[in-house]
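This report covers one region of a single chain. Please keep the sequence and the model in view while reading.

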Amino acid sequence: MSRRSKEKENERPWMAIGSDVVRQIRRHARSSIKTEVCGVLVGHEDGGGMEVEACISGVNAEQAGAHVTFTQDTWEHIYKVKDQQYPNQRIVGWYHSHPGFGIFLSDHDTFIHKNFFSSPKQVAWVCDPHSDEEGCFGWVSGRIERLTQIQIIDRQGGEGAEVGGRPEPVMSASEDDEPPTGQRWTPEPEDSETISLTQLTTTVLSYLSVLLIGFMIGWYFFPRVMVVPVPVDPLTGQPLELRQRESDRPRVDSPQNGQAATSNPPAKSGSTDAGKAGHDKQ
Ligand SMILES: [Zn+2]
């Protein structure tokens, strides 16, 4: 049993397809999200398998219910493009889309494959533009089966894809090249700068408001404490009462003399007495 299944696995042809071709088929399928589209695969056979190098979209394909049909016009267009652009390649299979109903070959699809793509290496590529699933069917021991050995070739150094993969091409190379987080982090410095600027402004404003409140509190409380000593400040000799009393004295003519007199002990004692007297009077 196991040997038989192994032999069968060896009979199963492999296929290789360019990632650019996969993308082209996806684009074609997505261009018609409700109805099926079709086309042919162009490439060459290689030993136990074959390689798909290009595809030609089938224009003027007829929609018969849910199934696509290659009309005479479709074939004419396909052969015209093939002779012009791919004269040395062969038509190695066909593709069509199943918008929203998965990867399989219907009876109609099997009919097309048997009648138009009956060569042992010719394959049928199916893709679902809704789920981005893909699959490939080929001849295995005279029957049409789903192929398991499918290789996506990244020939142009661009992004690749995996069969039956997720939305948008998933390629290890493109993922390893540059992590998406690097791109996500790029705009962040601007954001943090803006945030820090906002924080700075907020901090400065809060400090200013605290200062203002402190100043108002100080302004509210201090005048009562300050106002009292100022009129009787003995050091400067400026108090109104003191000046009046000093003006009574004949010796003190100018403020300079008054200040000098205050610095002298005898004069100071007199002035302080006067100040005290004035203060007591208040
Ligand atoms: Zn189909």
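Which residue in strand 6 is the bridge partner of C38? It is H96. The model is predicted.

**Strand 6 and its partners**

Strand 6 spans residues 90-97. Six of its eight residues are buried, so the strand is mostly covered. Strand 2 (residues 38-46) pairs with strand 6 through six bridges. These two strands run antiparallel. Strand 7 (residues 123-128) is joined to strand 6 by five bridges. Here the two strands run parallel. Within strand 7, W125 stands opposite Y95. To get from strand 6 to strand 7, the chain passes through helix 4 (residues 107-116). This β-α-β crossover is right-handed.

**H98, after the strand**

H98 sits in the loop between strand 6 and helix 4. Is H98 buried or exposed? It counts as buried, because 24 C-beta neighbours lie inside 10 Å and the cut-off for burial is 20 or more. Setting aside neighbours within four places in sequence, its contacts are E36, I103, V126 and D128. V126 and D128 fall within the residue range of strand 7. S131 is 33 residues away from H98 along the chain. Their C-alpha atoms are separated by 9.9 Å.

**Helix 4**

D109, I112 and H113 are buried in helix 4. Why do the buried residues line one face of the helix? Seen down the helix axis, they fall within an arc of 95 degrees, so they line one face. Strand 7 and strand 9 (143-146) are among the elements that cover them. On the other side of helix 4, D107, K114 and N115 are exposed.

**Two positive phi values**

Most residues other than glycine have a negative phi. D132 and S141 depart from that sign: D132 has a positive phi although it is not a glycine, and S141 is likewise a residue other than glycine with a positive value. Both are in loops. D132 lies between strand 7 and strand 8 (133-140), while S141 lies between strand 8 and strand 9.

| Residue | Phi | Other C-beta atoms within 10 Å | Class |
|---|---|---|---|
| D132 | about 60 degrees | 18 | partly exposed |
| S141 | near 55 degrees | 10 | exposed |

The classes follow from the counts. S141 is exposed because its 10 other C-beta atoms within 10 Å satisfy the limit of 12 or fewer. D132, with 18, falls in between the limits and is therefore partly exposed.

Technical notes. Residues numbered from 1 in each chain as written. Predicted model: local features only at pLDDT ≥ 70, side-chain atom pairs only at ≥ 80, totals over all residues. Helix = DSSP H or I, 4+ residues; strand = E, 2+ residues; numbered from the N terminus. Pairing = 2+ DSSP bridges. Right-handed = clockwise from strand over helix to strand, strands pointing away. Contact = placed C-beta atoms within 7 Å. Arc of directions from axis to C-beta.
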